[in-house]
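Student: I've got a model loaded and I'd like to go through the labels people attach to it. Can you take me through the reasoning behind them?
Tutor: Sure, pull it up and ask away.

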Amino acid sequence: NIAGYPAGDSEYSSMQAKVQKRLTSNFTTLAAFTWGKLMTNDGFPPLQYVGSHAGKYQDWRNLEYEHSVSAQDVKFVFAGQASYDLPVGKGQLVNLNGVGNAIAGGWTINGILYLGSGIPIASPSVGSAVSYFNQRANLVCNPSKGFSRGVSQWVNNSCFASPASPFVPGTAPAYLDSARAMGARNLDLSAYKNFKLRETMV
């Protein structure tokens, strides 16, 4: 939805791979990898924390200026899962009989790993006196190179310059493909026990 009009569009392309090993010797694993790219000319998605522009668009009447990588684009994603059923119980490698099997049997150890690359950062706006215009800066070099990255500076500020005229759009894309936020790294570990329910016929 662009300035009240249903005009935005997007395109997504990706390469996806999955490797799965079903239960063998009490072990199960699943790994999936995605290399994708999401492009759009609607640079005002619901993920507000990645940054946005005060006027949203340089010129909502010409969305060619907005076509760039989406603020929701995550280029690389890896998800892996592995689980191991402890071999304790009747018919298993370790049989403790009776109470021992009831306590130590039926346990599964599980782990899930998620790795994702960062999302793009919004290009800076320079403002404009024209009411429908939200001018961005010109991009003159790669904002992810040529400086020491730290908490106080995440992009190379010298790569942005004000356009020569307030009436022309800046060359910087809506979101920077080469300058991204920190990615996600998450590891979940769990242990759970399976209980067998028995039904008695009377």
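Student: How do you know that strand β2 and strand β4 pair, and in which sense do they run?
Tutor: Keep in mind that this is a predicted model. Two strands pair if there are at least two bridges between them. Strand β2 (residues 27-40) and strand β4 (residues 76-85) share 9 bridges, in the antiparallel sense, so they count as paired. If you want a spot to click on, W35 stands opposite F76 in β4.

Student: What does β4 do with strand β5?
Tutor: β4 pairs with strand β5 (residues 107-116) in the antiparallel sense, over 9 bridges. At least two are needed for a pair, so that counts too. One place to look is V77, which stands opposite G116 in β5.

Student: And how many bridges join strand β1 to β2?
Tutor: Strand β1 (residues 10-24) is joined to β2 by 13 bridges, and the two run antiparallel. Among the partners, Q16 is bridged to T34 in β2.

Student: What sits between the strands in the hairpin of β1 and β2?
Tutor: There are 2 residues between the strands, and S25 takes a positive phi near 55°. N26 is also in the loop between β1 and β2. N26 has a positive phi of about 70°, although it is not a glycine.

Student: Zooming out, how many helices and strands are there in the protein?
Tutor: The protein has 1 helix and 10 strands. From the N terminus on, the order is β-β-β-β-α-β-β-β-β-β-β.

Student: What share of the contacts is between residues far along the chain from one another?
Tutor: Take the contacts with a separation of 6 or more: residues 24 or more positions apart account for 74% of them.

Student: Why is A122 called buried?
Tutor: Buried means under 20% relative accessible area. A122 comes out at 17%, so the label is buried. A122 is in strand β6, and its C-alpha is 6.2 Å from that of L176, 54 residues apart along the chain. Across the protein, buried residues make up 29% of the 202 residues.

Student: Then why is P124 called partly exposed?
Tutor: The range for partly exposed lies between the 20% and 50% cut-offs. P124 has 33% relative accessibility, so it counts as partly exposed. P124 is in the loop between β6 (120-122) and β7 (138-139).

Student: What is P124 in contact with, leaving aside its neighbours within four places in sequence?
Tutor: P124 is in contact with R136, A137 and F160. Contact means heavy atoms within 4.5 Å. As for N138, its C-alpha is 9.3 Å from that of P124, and the two are 14 residues apart in sequence.

Student: What makes Y65 partly exposed?
Tutor: Its relative accessible area is 33%, so Y65 is partly exposed. Y65 is in the loop between β2 and β3 (68-69). Leaving aside neighbours within four places in sequence, Y65 is in contact with Q58, D59, R136 and P169. Y65 and R136 are 71 residues apart in sequence, and their C-alpha atoms are 9.9 Å apart.

Student: Let's do the pocket. What volume does the largest pocket have, and which residues are closest to its centre?
Tutor: The largest pocket has a volume of about 590 Å³. It is lined by 19 residues, and those closest to the centre are N101, G105, G106, N194 and K196. α1 (98-104) and β5 are the elements that give two or more residues to the lining. α1 gives the most, with 3 residues.

Student: What makes up the lining by class?
Tutor: The lining has 5 nonpolar, 9 polar and 5 charged residues. When you check that tally, remember that Gly counts as polar.

Student: Last one: how much accessible surface does the protein have?
Tutor: About 12,900 Å², of which 59% belongs to carbon and sulfur atoms.

How values were computed. Residues are numbered from 1 along each chain as its sequence is written. This is a predicted model: local features need pLDDT of at least 70, side-chain atom pairs count only at pLDDT 80 or more; totals for chains, interfaces and linings use all residues. Side-chain values use heavy atoms; hydrogens and water are left out. Helices (H or I, at least four residues) and strands (E, at least two) are DSSP runs, numbered from the N terminus. On a 1 Å grid over the protein atoms alone, a cavity is a set of points where a 1.4 Å probe fits but cannot get out, and a pocket is an open set with protein on both sides within 12 Å along at least five of seven lines; lining residues have an atom within 4 Å of a point. Grid points are joined across faces, edges and corners, and a volume is the space filled by probe spheres set on the points. Buried means under 20% relative accessible area, exposed over 50%, partly exposed in between (1.4 Å probe, protein chains only). Accessible areas come from the Shrake-Rupley method with a 1.4 Å probe; for residues, only the protein chains shown count as cover.
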